[in-house]
Amino acid sequence: GHGKTTLVINIVKGLIQQGYRVMLFNREMSNTEMLKKMVVMDSNSLKYGNIRRNDLSNKDKLEFESISGKLKGDYKNLLMYDGIRNLDDSLREIAKHKPDVIIDDYIQLIDVSNVREGRRFEIEKIMQEYKWICKTENCSAILVSQLNREIEKRLDPRPRMSDYAESGVIEQTAESAMFVFYGHNFDNERYSPFNSELIVSKCRYGRIGTHKI
């Protein structure tokens, strides 16, 4: 509920506008729902909740159709998948289409076979295979991860490296580690509903820090 998928959509849009070929794996959300979010991002008045409930005026419907048509041309370099469950099939699609950037939302939902018992070993396999495919295909990967629930019990709820679900492997393997913090979820009097923080906790080729957006 911190806005990970919304951040992903913004990243996708920025990459596409720069001319990159992007492959997006929607593990939790369908392609249709992701496209609805993309339409909302390009609109000044449409709201995602209204679109999901089909609560749209005639004017809204016309705007939705207009933006949807525009997106088909703008996002021709975007490949989206919502029906690939396992790691092997995902890697095959990457090797076949050779995108510039892969975005996987999110890795705890990837099914991994032939791995020792335990989710930690599965996450380790996912991280290592992604690192290898990026090296062999000369591409980059942005992997979205779930956090553990301990964060909700702390006085300072800002996420940190140890909050990654199966944290050790992700922490060690990732080149960079970023978190989205939406303080309004924890204290709606102290934090504005229109502000978030991007917390860069690890950056192998840059600087760590917090960016308010």
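This note goes through the salt bridges of a predicted model and one polar contact made by a glutamine side chain.

1. As a starting point, the predicted model contains 14 salt bridges in total. The points below take up some of these pairs, together with the accessibility of the residues that form them and their place in the chain.

2. In helix α6, which covers residues 119–137, the side chains of Arg-120 and Glu-124 form a salt bridge with an N to O distance of 3.5 Å. The two residues are 4 positions apart in this helix, so about one helical turn separates them. Both partners fall in the partly exposed class, Arg-120 with a relative accessible area of 44% and Glu-124 with 23%.

3. Arg-158 deserves a point of its own, since its side chain meets that of Asp-156 in a salt bridge at 3.6 Å, N to O, and Arg-158 also forms a salt bridge with Glu-197, where the closest N and O atoms are 2.9 Å apart. The pair of Glu-197 and Arg-158 connects distant parts of the chain, 39 residues apart: Glu-197 belongs to strand β6 (residues 197–203), while Arg-158 sits in the loop between β4 (140–144) and α7 (167–173).

4. How buried or exposed are the residues around Arg-158? Arg-158 itself counts as partly exposed, with a relative accessibility of 25%, and Asp-156 is likewise assigned to the partly exposed class, at 39%. Glu-197, by contrast, has a relative accessible area of 9% and is therefore buried, given that the cut-off for this class is under 20%.

5. A further group of charged residues should be read as a unit rather than as separate pairs, because Glu-33, Lys-36 and Arg-52 are linked in a network of salt bridges, where each salt bridge requires a side-chain nitrogen of Lys or Arg within 4 Å of a carboxyl oxygen of Asp or Glu.

6. The last point leaves the salt bridges and concerns Gln-108, a residue of the loop between β3 (101–105) and α6. Gln-108 counts as buried, with a relative accessibility of 12%, and its side chain reaches the backbone nitrogen of Gln-146 at 2.8 Å. That distance satisfies the polar-contact cut-off, which asks for a pair of N or O atoms within 3.5 Å.

Key: Residues are numbered from 1 along each chain as its sequence is written. This is a predicted model: local features need pLDDT of at least 70, side-chain atom pairs count only at pLDDT 80 or more; totals for chains, interfaces and linings use all residues. Side-chain values use heavy atoms; hydrogens and water are left out. Buried means under 20% relative accessible area, exposed over 50%, partly exposed in between (1.4 Å probe, protein chains only). A polar contact is a pair of N or O atoms within 3.5 Å; within protein, one must be able to donate a hydrogen and the other to accept it, and residues adjacent in sequence count only if both atoms are side-chain atoms.
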